[in-house]
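Please study the structure shown below and work through the exercises that follow. Each task is followed by a solution in steps.

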Amino acid sequence: MRSIRVEKYSLATANCKRTTHYHQNRVINKGVVLMDQSVIISLKDIVVDFDDEAVLNGLSLDIHDEEFVTLLGPSGCGKTTTLRVIGGFLAPKGGQVFFDGKDITALPPYKRPVNTVFQKYALFPHLNVYENVAFGLRLKKVEEKLIREQVLEMLELVGLKGFERRGTEQLSGGQQQRVAIARALVNRPKVLLLDEPLGALDLKLRKEMQIELKRIQQSLEITFVYVTHDQEEALTMSDTVVVMNKGVIQQIGSPQDIYNEPMNAFVADFIGESNIFEGMMPKDFLVEFAGQPFTCVDSGFAPNELVQVVVRPEDVQVVPSVAGQLTGVVKTTVFKGVHWEMIVEQGGNEWIIQSTVASQPGELIGMNVEPDMIHIMHRSDEELAYAEFRPEDPEEEEAEDAG
Ligand SMILES: Nc1ncnc2c1ncn2[C@@H]1O[C@H](COP(=O)(O)OP(=O)(O)OP(=O)(O)O)[C@@H](O)[C@H]1O
Ligand SMILES: [Mg+2]
């Protein structure tokens with residue numbers, strides 16, 4: 001299997017309007033492509049059945065050392081199941097799990113260099129903060145002086161210095177979460193598995209903790225495998241996002257890749273809001289959709305191939321109706337804080353458009369879409385064929401050949 005490309009980004013935020021295009025990102029990030037030897041966990045053809053129904057269907061994934069990887073997908077798609085296979089809590093029916101190149105499929109959880117923060121974390125209610133964090137070290141019979149050093153270091157790391165004597169019931173939700181994370185990290189795992197660890201927190205606290213977690217991961221230089229169904233959370237925190245649906249990986253890529261170049265309609269729809277149209281590619285660099293031909297930047301499709309076309313709401317320019325490639329009638333306009341969101345009816349299609357200028361319901365507007373804002377995808381009935389598909393990357397091929 002080919003390695004996945006890992007790119008280090010500063011914290012990307014999902015709601016900040018993207019300024020660079022996918023192809024530019026590749027150039028910018030040239031030189032930080034990690035090679036195969038940095039793979040720390042490798043899942044090969046993992047099959048898990050529950051009641052004779054395949055929950056993971058031949059799932060393969062490479063996770064790199066010091067990478068922040070997020071498994072993202074709707075409820076029931078197999079995220080927790082994948083994490084349980086990595087942690088050793090669930091034996092797959094087929095396939096193998098490798099750690100640092102060694103097959104650990106048969107290894108029990110406590111022998112794996114992996115720690116887990118579960119979806120429902122449970123602190124020990126009869127122990128104070130200090131003792132909760134110290135618990136794992138005491139089991140290992142670590143010397144008292146070292147325990148003290150390491151517990152205090154972890155509490156400082158998660159911002160709970162001075163909370164040692166507090167009982168767990170005297171902590172807020174976010175503080176309890178930090179204790180759970182400190183308790184997992186104090187064992188110095190090479191890999192930390194986190195299953196929706198912020199799910200119980202309110203929005204503001206969740207956003208703070210997202211940034212905290214990213215900081216902790218970077219300062220400890222360990223691998224995080226993070227599960228969420230919240231796409232914004234995934235885009236904010238991750239080096240690599242793995243989008244899953246029904247136990248099958250739909251796309252692996254950096255947040256920018258996933259957002260800018262969704263591989264199929266499922267990914268486009270799941271990641272942010274999209275206009276998705278049925279279309280056709282008469283020839284290279286020309287696509288027809290919404291009843292019009294448009295110049296695009298894509299090539300390599302069969303003549304007249306049926307495709308799906310994605311246009312992000314913020315990529316539609318609103319212009320006077322006489323100047324538009326398309327015209328449509330505004331149905332609704334809603335203020336969203338940084339922009340207005342409009343639903344526009346155009347030739348039987350409904351468009352969602354985000355604009356800093358409001359048009360009024362009933363108004364006839366023009367709409368333009370630049371060629372590189374048109375994203376062309378193979379038809380969704382070929383989705384399965386594109387599981388784990390990645391665009392060709394000549395730079396990476398070269399690097400692989402050289403190494
Ligand atoms: N122990 C089990 N027995 C039977 N079915 C199970 C079991 N555990 C999970 N499943 C099923 O496997 C599928 C995947 O479950 P999983 O917990 O991995 O989903 P998930 O992606 O983590 O979802 P969520 O976002 O809701 O946590 C679901 O359909 C679930 O009902
Ligand atoms: Mg789950």
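**Exercise 1.** Leaving aside neighbours within four places in sequence, determine which residues A182 is in contact with in this predicted model.

*Solution.* Two residues are in contact if their C-beta atoms lie within 7 Å. With the neighbours within four places set aside, A182 is in contact with V133, M154, L155, L157, V158 and L160.

**Exercise 2.** Determine where the largest nonpolar core lies with respect to domain 1 and domain 2.

*Solution.* Step one: the largest nonpolar core has 97 residues, and V133, A182, L192, V225, V242 and V287 touch the most other members. Step two: domain 1 (22-265) and domain 2 (274-383) both contribute residues, so this core lies between them. As a general tendency, nonpolar side chains in soluble globular proteins are buried together.

**Exercise 3.** State what span helix α5 (residues 173-185) should have at 1.5 Å a residue, and compare this with its end C-alpha atoms.

*Solution.* Step one: the expected span is 1.5 Å times one less than the number of residues. Step two: for the 13 residues of α5 this gives 18 Å, which agrees with the end C-alpha atoms because they are 18 Å apart.

**Exercise 4.** Is α5 mostly covered or uncovered, and which elements do its buried residues pack against?

*Solution.* Step one: α5 is mostly covered, as 10 of its 13 residues are buried. Among them are Q176, R178 and A182. Step two: the buried residues pack against the strands β6 (114-117) and β7 (191-195) and the helices α3 (129-139), α4 (144-157) and α6 (203-220).

Methods:
Residues are numbered from 1 along each chain as its sequence is written. Chains are lettered from A and ligands numbered from 1 in the order in which they are written. This is a predicted model: local features need pLDDT of at least 70, side-chain atom pairs count only at pLDDT 80 or more; totals for chains, interfaces and linings use all residues. Helices (H or I, at least four residues) and strands (E, at least two) are DSSP runs, numbered from the N terminus. A residue is buried if 20 or more other C-beta atoms lie within 10 Å of its own, exposed if 12 or fewer, and partly exposed in between; C-beta atoms are placed from the backbone. A nonpolar core is a set of buried Ala, Val, Leu, Ile, Met, Phe, Trp, Tyr and Cys residues joined through C-beta atoms within 7 Å. Domain bounds come from an automatic or database domain assignment.
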